[in-house]
Amino acid sequence: MDPVWGGRSGSAAPFTPGGVMSERKRPGAGRLAAAFLLALLATPGLRAQDRFWDPARTSGNWDTTTAIWGTSAAGPFTSTWVNGASPTLTAAPAGSTATLTAAVSTTFVFSFSGNFTIAAGGGGSLTFTDQTFAANTSATGTNNLTINTPILGDPFLQFLNLPGVGTAGIYLNANNTFSHEVRIGGATRLAVGTADPGVGPVQAGTLSGDVSIDGTGVLSFQSTQTYSGFLTGDATSVVEVVSPPAGTTTLTLNRLENNFIGVVQLRDHSTLALANNGTTTSGSITGDVRISLAHNATLDVTGHTAGTWTLLSGQTLVTGGTSPANGGRILGGARIEGTLDLTGEAGTGTGTLRQQGGNLAVAGGATWRTNIASWTGTTPGASFSQVSGVGGAKLDLSGASSANRIHLDVRGISLTGFDPLLPSSWPVADFSAGNASGGIVGFSPDKFLIDTSSFGPSLGGGSFSLLADGNSNVLTLRFTPVPEPAAGLGVVAAGLGLVGLARRKSGRTGNRPAWHRFPPAADAPRMGR
């Protein structure tokens, strides 16, 4: 038995707990495996049979070759390389590309650097047998492996970025079904489909099977599909939905359970549709996750039919947006029991959220995080955070009470124009669209605990308050400064004048009257402090 890889005597044998594919059970095992693979690839004996790409030829045939080198001379080139054991694909110099259009079959290590494409044309195919690691070996530059053909075989498959730094992406532009769990290592992006023209032509792909994401690994859905597999991920792991420059990618997610505690990130114009799991109001998402909505990204909960979809306690929904029209959106009725974080816009710390196709309820005990980026600004999104309703949607606060309050967390990220002596106000919730009145349901100031502990600048004794307009459609966050010292001095001076007048009227000179306990006018500033 190999002490590093564990016991595998055949392609069907299960991994032992000591194997690489079980590295989540052994802290640091992933780093040890990566170091071992790097050392193995650098072994002189492995490179003894290398064949090098001939720039003068557009094809070649290397049987049992362990390394194929691309070139930028006049490429891309096409190889008919077949049947290699642990090949190394290297597009050199950095930034060049190469394409394989042959029946490629390999086992153990399938490493690459630079940008390589496994093409579907010309009889191209890719078969992984036994335990296979598809791994980037370069710590610099952009390194993408684009696979335009289904991965064949029945492998225990792991995608890795061996240096642990740099950019490494594997793009699956075909319909792939894996019977064994696929693993994604840290600093590695496994994309299903291609939406980024910088990587290659926009192409579709689908994924079926369970996926485990380690550390900072990313599972990137870049073409529309429904995914029903079981996902496992760490707190820094990411599941993202990415749309092409012209178009929208929609991921319908059937489940995201407690084994995934990372980030669900919706890029610009993308949609995450949550299916109904029939057993809980949380729908597909039950773990302590963070859902991030970029510009015009939509969280679609209309498919959830077992009651109102709920963002559970311990979960966070964060949005960006520079205006009410381009922020994130919830489509369908929703209830917030966790954290609604409207501070997701890079550079300003603000964000906007649109509620459409149902009401938005915020329960007692939930956190509502809002930001002020401009003390005197009037533009939602650019100047301050805002949640708004579309088409008659309402903000329902009836689930909170003075005994079970909503935590309003007021931030001052990237704040400009701050003046603690200047009163100001910001409409942080606007549900007037489609509502003549009553867009805010169940509001009372005592249902909110306003927290400024993370605001940043000192408020100089001033305070925030929350109030509704006369039509109960808009909630406004208002700042009231303390009275300026000059105002306090005027009050004191007026009081001293009245006392002096009373003394003169009394005509008494012997006894010390009560007014003598007041300090002289010269001490008045101390009274105003």
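Residues are taken as buried when their relative accessible area is under 20%, and by this criterion Trp-426, at 0% relative accessibility, counts as buried. The structure examined here is a predicted model, and the description below moves from its overall composition to an extended sheet, an aromatic cluster and a single buried serine.

The protein contains 3 helices and 41 strands, and buried residues make up 48% of its 529 residues. Of the contacts with a separation of 6 or more, 67% are accounted for by residues that lie 24 or more positions apart. The accessible surface comes to about 21,900 Å², and carbon and sulfur atoms contribute 54% of that area.

An open sheet of 10 strands, with mixed pairing, follows the order β18-β21-β23-β25-β28-β31-β34-β37-β41-β40. Its edges are formed by β18 (225-227) and β40, each of which pairs on one side only, and from one strand to the next the twist averages 25°. Within this sheet, strand β21 (residues 250-253) is joined to β23 by 4 bridges, the two strands running parallel, and Thr-252 stands opposite Ala-273 in β23. On β23 there are also 3 bridges to strand β25 (residues 298-300), again with a parallel course, and here Ala-273 is placed opposite Asp-300 in β25. In a regular strand the side chains alternate between the two faces of the sheet. In strand β23 (residues 271-274), Thr-271 and Ala-273 point one way while Leu-272 and Leu-274 point the other way, and all of these residues are buried.

Further along the sheet order, β37 is joined to strand β41 (residues 474-480) by 6 bridges, and these two strands run antiparallel. Pro-427 stands opposite Thr-476 in β41.

The structure holds 12 aromatic pairs. In one of them, the rings of Trp-426 and Phe-464 have their centres 6.1 Å apart and their planes at 45°, so the pair is tilted, an angle that falls between the limits of under 30 degrees for stacked rings and over 60 for edge-to-face rings. Because Trp-426 lies in strand β37 (residues 424-430) and Phe-464 in strand β40 (residues 463-468), the pair ties together parts that are 38 residues apart in sequence. Phe-464, at 10% relative accessibility, counts as buried, as does Trp-426 at 0%. Both residues belong to a cluster in which ring pairs link Trp-375, Phe-418, Trp-426, Phe-455, Phe-464 and Phe-479.

Ser-385 is located in the loop between β33 (367-371) and β34 (386-390), and β34 is itself one of the strands of the open sheet. With a relative accessible area of 0%, Ser-385 is buried. A polar atom of the Ser-385 side chain lies 2.5 Å from the backbone oxygen of Leu-342. When neighbours within four places in sequence are left aside, Ser-385 is in contact with Leu-342, Gly-349, Thr-350, Gly-351, Thr-370, Asn-371, Pro-427 and Val-428. Among these partners, Pro-427 is the residue that stands opposite Thr-476 in β41.

Key. Residues are numbered from 1 along each chain as its sequence is written. This is a predicted model: local features need pLDDT of at least 70, side-chain atom pairs count only at pLDDT 80 or more; totals for chains, interfaces and linings use all residues. Side-chain values use heavy atoms; hydrogens and water are left out. Buried means under 20% relative accessible area, exposed over 50%, partly exposed in between (1.4 Å probe, protein chains only). A polar contact is a pair of N or O atoms within 3.5 Å; within protein, one must be able to donate a hydrogen and the other to accept it, and residues adjacent in sequence count only if both atoms are side-chain atoms. Contact means heavy atoms within 4.5 Å. Rings of Phe, Tyr and Trp (its six-membered ring) pair if their centres lie within 6.5 Å; planes under 30 degrees apart count as stacked, over 60 as edge-to-face and the rest as tilted. Two strands pair if DSSP finds at least two bridges between them. Axes are lines fitted to C-alpha atoms, for helices over the stretch in contact, and angles run from 0 to 180 degrees between N-to-C directions. Accessible areas come from the Shrake-Rupley method with a 1.4 Å probe; for residues, only the protein chains shown count as cover.
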